[in-house]
Amino acid sequence: PIPNDALAAWYSDNRTRLEASGTNRDLNLTVAVRMLPVFEKYSNSWAAVRSLNQGHASENETFERYLEGWFSRASSRERVIVREIATLFSLSLPED
């Protein structure tokens with residue numbers, strides 16, 4: 001397992017592989033395990049998921065664009081969740 005503080009470096013090393021295929025179970029599991037505590041921390045986190053895949057297909061080009069799109073559609077209460085996920089990967093999002 002990768003410690004939370006090392007996830008950003010792991011993501012940087014594996015970014016190309018992650019973006020090339022959304023179905024690599026081993027890589028996806030690593031990401032999911034690190035993101036799960038964020039979803040467990042916030043009672044409204046599953047509501048935030050409703051706006052996750054409602055963007056234009058161009059948002060899927062990079063993970064950062066994907067998060068930016070999700071962030072733009074999330075309610076103000078849900079944006080903290082998206083921001084915390086982005087922080088795990090050392091990705092920045094626009095200010096609220």
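Trainee: Why does Tyr 11 count as buried?

Mentor: Bear in mind that this is a predicted model. Tyr 11 has 4% relative accessibility, and buried means under 20%, so Tyr 11 counts as buried.

Trainee: What makes Tyr 11 and Phe 63 a tilted pair?

Mentor: Start with the distance: the ring centres are 5.7 Å apart, and rings pair within 6.5 Å. Then the angle: the planes sit at 55 degrees, while stacked needs under 30 and edge-to-face over 60. The value fits neither of those, so the pair is tilted.

Trainee: How do you know that this pair ties together parts 52 residues apart in sequence?

Mentor: Look at where the partners sit. Tyr 11 belongs to helix H1 (residues 7-20) and Phe 63 to helix H4 (residues 63-73), so parts 52 residues apart in sequence are tied together by the pair.

Trainee: And why is the pair of Phe 63 and Phe 89 called edge-to-face?

Mentor: The centres are 5.0 Å apart, with 75 degrees between the planes. Edge-to-face asks for over 60, so 75 degrees qualifies. This pair also links distant parts of the chain, 26 residues apart: Phe 63 is in helix H4, and Phe 89 is in the segment after helix H5 (76-88). Phe 63 and Phe 89 are both buried.

Trainee: Which residues make up the aromatic cluster, then?

Mentor: Tyr 11, Phe 63 and Phe 89 form one cluster. The structure holds four aromatic pairs.

Trainee: What makes you say that the charged end of Arg 79 sits over the ring of Phe 71?

Mentor: The charged end of Arg 79 is 4.6 Å from the ring centre of Phe 71. The distance limit is 6 Å, and the charge must also lie within 35 degrees of the ring normal. Arg 79 is also among the buried residues of H5.

Trainee: How do you know that the length of H5 agrees with what a helix should span?

Mentor: At 1.5 Å a residue, its 13 residues should span 18 Å, and the end C-alpha atoms are 19 Å apart, so the two agree. The buried residues of H5 pack against H1, H2, helix H3 (45-48) and H4.

Trainee: Which residues touch the most other members of the largest nonpolar core?

Mentor: Out of 27 residues, those are Trp 10, Leu 67, Trp 70, Ile 85 and Phe 89. H1, helix H2 (25-41), H4 and H5 each give two or more residues to this core. Leu 67 has contacts that include Val 82, Ile 85 and Ala 86.

Methods:
Residues numbered from 1 in each chain as written. Predicted model: local features only at pLDDT ≥ 70, side-chain atom pairs only at ≥ 80, totals over all residues. Heavy atoms only, no water. Phe/Tyr/Trp six-rings, centres within 6.5 Å; stacked < 30°, edge-to-face > 60°. Helix = DSSP H or I, 4+ residues; strand = E, 2+ residues; numbered from the N terminus. Buried < 20%, exposed > 50% of the residue type's maximum accessible area, 1.4 Å probe, protein only. Core = buried A, V, L, I, M, F, W, Y, C linked by side-chain atoms within 4.5 Å. Contact = heavy atoms within 4.5 Å. Expected span 1.5 Å × (residues − 1). Lists of a residue's contacts leave out its neighbours within four places in sequence.
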